[in-house]
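Let's take a friendly walk through a protein model, going from single residues to the whole fold. Keep the picture in view and find each part as it is named.

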Amino acid sequence: MIIALARNAVRLRARLRSDRGSLSPFFAVIALGIIMIMGLLVDGGGALNATNRATGLAQEAARAAGQQLNIAQAVEGTGITVDPDAAVGAAQDYLAAQGVQGEVAITDGGQRLQVTVHDTYRTTFAAVLGKSEISVSGTAHARLHTQAGG
């Protein structure tokens, strides 16, 4: 009787051991999925922050350009416009100081400015998949406003 119980216990242990590790592939797939979602969140959030930074830099460059008034016209009272060369130079100087590149466009006879900034975000997780950089850009507009009579 004792020998039969011992044999049954050995068979039961052998049967239970054969099921060991059966959930490991499931957990490996789930862990991989979680890592991919984390990568999407980290790199997507980083790219969004880089886009916001590019837009902020474009806004500041447009402000710097908008301060470069054509003094001769303003003093004569013939119009309030920006000096195109000085405005483009001020915006480009600001962007260069921030370490980014961009374009400056002046339209409406010197009344409207548009600055577009181009930058890159260096990825963390997507670099494993071969995407080490994401290109981002931001655009800002500035318009000169004048007051009648003063």
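## A residue on a helix

With a relative accessible area of 47%, R63 counts as partly exposed; this class lies between buried (under 20%) and exposed (over 50%), as tested with a 1.4 Å probe on protein chains only. R63 sits in helix α2. Its C-alpha lies 9.4 Å from that of R143, although 80 residues separate the two in sequence.

Before going further, please note that this is a predicted model, in which local features need pLDDT of at least 70 and side-chain atom pairs count only at pLDDT 80 or more, while totals for chains, interfaces and linings use all residues. Residues are numbered from 1 along each chain as its sequence is written, and side-chain values use heavy atoms, with hydrogens and water left out.

## The overall plan

How many helices and strands does the chain have? There are 4 helices and 3 strands. Both are DSSP runs numbered from the N terminus: helices are H or I runs of at least four residues, and strands are E runs of at least two. Along the sequence the pattern reads α-α-α-α-β-β-β.

The chain has 150 residues, and 25% of them are buried. Contact means heavy atoms within 4.5 Å. Of the contacts between residues at least 6 apart in sequence, 53% join residues at least 24 apart.

## The sheet and its helices

The strands form an open sheet of 3, in the order β1-β2-β3, with antiparallel pairing. Strands β1 and β3 (133–143) are at the edges, and each has a single partner strand, so one side of each has no neighbour in the sheet. From one strand to the next, the twist averages 15°. For such angles, axes are lines fitted to C-alpha atoms (for helices over the stretch in contact), and values run from 0 to 180 degrees between N-to-C directions.

Two strands pair if DSSP finds at least two bridges between them. In general, the strands of a sheet pair through backbone hydrogen bonds, in a parallel or an antiparallel way. Here β1 and β2 run antiparallel and are joined by 7 bridges, while 11 bridges link β2 and β3, again in the antiparallel sense.

Individual partners can be followed from residue to residue. G102 has V117 in β2 as its bridge partner, A105 has Q114 in β2, and T107 has R112 in β2. For L113, the bridge partner is A142 in β3.

Which helices lie against these strands? Helix α2 (residues 24–66) packs on the sheet and touches β2 and β3, with its direction at about 30° to that of β3. Helix α4 lies across β1 and β2 and runs at about 160° to β1.

## Three more residues to find

| Residue | Place | Relative accessible area | Class |
|---|---|---|---|
| T81 | loop between α3 (71–76) and α4 (84–98) | 11% | buried |
| D108 | loop between β1 (101–107) and β2 (112–122) | 46% | partly exposed |
| R122 | strand β2 | 58% | exposed |

What does T81 touch, leaving out residues up to four places away in sequence? Its contacts are L69, N70, Q73, G109, G110, Q111 and L144.

D108 belongs to the turn of a hairpin: β1 and β2 have 4 residues between them. D108 has a positive phi of about 55°, although it is not a glycine. Most residues other than glycine have a negative phi.

R122 is in contact with S132 and E133, leaving aside neighbours within four places in sequence. The C-alpha atoms of R122 and A47 are 8.4 Å apart, with their positions 75 residues apart in sequence.

## The largest pocket

The largest pocket holds about 260 Å³ of space. On a 1 Å grid over the protein atoms alone, a pocket is an open set of points where a 1.4 Å probe fits, with protein on both sides within 12 Å along at least five of seven lines; lining residues have an atom within 4 Å of a point. Points are joined across faces, edges and corners, and the volume is the space filled by probe spheres set on them.

The lining consists of L32, I35, M36, G39, L40, D43, F125, A126, V128 and L129. By class, that is 8 nonpolar, 1 polar and 1 charged residues. Nonpolar covers Ala, Val, Leu, Ile, Met, Phe, Trp, Tyr, Cys and Pro; charged covers Asp, Glu, Lys and Arg; the others, Gly among them, count as polar.
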